[in-house]
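Let us walk through the internal spaces of this predicted model. Where is the empty room, and what surrounds it?

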Amino acid sequence: MTPRPPKPPARPDKVSLWRYVQLFRKDILSAQPARLYRAWMAEFRTPFFRSFLLNQPDLVRTVLKDRPDDFPKSNRISEGLRPLLGNSVFLTNGEVWKRQRRIIDPAFEGGRLKETFPAMRAAAEAAVERLKGQAGEVEIEAVTSHVAADVIFRTLFSIPIEHAVAAEVFARFRDYQRSQPILNLAAFVPVPAWMPRFFRRGTRQNAARIRDLITRLTDERAAAIGAGTAPQDLATKIMTTKDPETGETFTTEEMVDQVAIFFLAGHETSASALAWTLYLMAIYPEWQEKIAEEAAALEDDSFAVVSRLKISRDVFREALRLYPPVPMMVREATCPEQFRDRDVPKGSQLVLSPWHLHRHERLWDNPDGFDPARWGTENGKACQREAYMPFSAGARVCTGAGFAMVEGPLILSMLLRHYRVAPVEGREPVPVAHLTVRAKDGIWLRLEPRNYTAD
Ligand code: HEM
């Protein structure tokens, strides 16, 4: 029998509000009813505010692409992250956000990716090295988190993950996520906006320590830029870019906020995507073999190799469809709207759900199946335009989308060039959404070195 990619169970259609909150606290994916995979729009009524999930492509377009200024990010989602991320581009709105993007975006433009590539490749090679001697059963999310964190430190600050500051930041971020795990919780659970939120003591302390460490890196870099000795990496690029409208650069404080989000948004997401992709490769070995074969192209260590990793890219894209690392996003209506003849009052929370849109039964052929060849079909192409948004869309699209689409296929290809992965019996992962889509008890794979000796 062909295996199916794991999908969390849906809850029954009707549950009490209290039950919903309980389910939600456990996991936002299994707290939703199955009808959301067919609905164009759904409403969650709570005593304090109204929340609408939008699955209809033209409504999603209205919110994200056509009128983004009318639908800013909802402050309800940011509370858990504020102590760590301060005023980072992920949380801000309006003019502050626009200014931040003007300074950040040039560092992620196409040409820059080419300059970043050697650091990404070095991180991928280091991951292969670390796995040597680790054959057998491996929890792969830990492996992919490690390599994705390494990519971020190398590309941003030209330091590998073994660097003392990088290693401590990485470890502390992990703890932060454990203590403050659910990004979107407040947008769904019916607590009024004025109710104070409590952070565990350790959470704030941890955030403060992470920010101290990042401040140290940023200060050192500012000094190196002043002395003309700074490496040409992403940090230097961002710290020396002037806002074209005002001529200002980021202050140290602002840069610390941005580094924190690059680290969080850049490594958690890629780690999640890579782990699920590797699991899919374990249960679809025919695709795994295709990638391993294609990986011979990696003999070429120039940036040009990226365009030759086509199968790896299609597979990674399909994994992002089935397991979008950011499963839901929340915006707020700043004026009353009429969507599908329904009144959407001012202040409503609008939930855009890559998780549901990517598996929508009325849009996709074989929505729950794994089929990387779909991207070459008419339905796949249409859905890629209309119903695919792992990186969001419009003005607030992920700054790292291009970066991630180079990093993911590269690391996938590099790992499968050296190792074969197989599922571990009795350990089928169950997707749950915390900060990103993860597996309930990790993703376990059996790892076996390939007889590969060409290095
Ligand atoms: C597979 C990997 C990734 C996925 C799936 C992903 C997904 C997303 C999504 C869905 C958003 C929008 C969130 C929202 O609007 O609520 C976002 C925003 C963002 N991402 Fe990514 N991301 C990935 C990798 C990266 C990387 C590698 C970086 C940076 C190095 C990055 C930096 C950011 C930043 C700065 C934002 C905020 C943009 C803004 O609000 O203007 N991401 N990402």
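**Cavities inside the model**

Two cavities of 30 Å³ or more are present in the structure. Rolling a probe the size of a water molecule over the atoms shows where such empty space is left.

Start with the largest cavity. Its volume is about 850 Å³. The lining counts 47 residues, and those closest to the centre are Phe90, Ala265, Thr269, Val326 and Cys398.

Next, look at the elements that build this wall. Several helices each supply at least two residues to the lining of the largest cavity: H4 (94-104), H6 (140-157), H11 (252-283), H13 (310-322) and H16 (401-418). Strand E4 (329-332) also supplies at least two. Which element gives the most to this lining? Helix H11 does, with nine residues.

The chemistry of the wall is mixed. By class, the lining of the largest cavity holds 32 nonpolar, nine polar and six charged residues.

Now turn to the second largest cavity. It encloses about 30 Å³ of space. Which residues line the second largest cavity? They are Leu131, Ile140, Leu278, Leu415, Leu416, Tyr419, Val421 and Leu447. Helix H16 and strand E8 (419-423) are the elements that give two or more residues to this lining. Helix H16 also supplies at least two residues to the lining of the largest cavity.

How many polar and charged residues does the lining of the second largest cavity have? There are no polar and no charged residues in that lining, and eight nonpolar ones. The lining of the largest cavity, by contrast, includes nine polar and six charged residues.

Note on methods:
Residues are numbered from 1 along each chain as its sequence is written. This is a predicted model: local features need pLDDT of at least 70, side-chain atom pairs count only at pLDDT 80 or more; totals for chains, interfaces and linings use all residues. Side-chain values use heavy atoms; hydrogens and water are left out. On a 1 Å grid over the protein atoms alone, a cavity is a set of points where a 1.4 Å probe fits but cannot get out, and a pocket is an open set with protein on both sides within 12 Å along at least five of seven lines; lining residues have an atom within 4 Å of a point. Grid points are joined across faces, edges and corners, and a volume is the space filled by probe spheres set on the points. Helices (H or I, at least four residues) and strands (E, at least two) are DSSP runs, numbered from the N terminus. Ala, Val, Leu, Ile, Met, Phe, Trp, Tyr, Cys and Pro count as nonpolar, Asp, Glu, Lys and Arg as charged, and the others, Gly among them, as polar.
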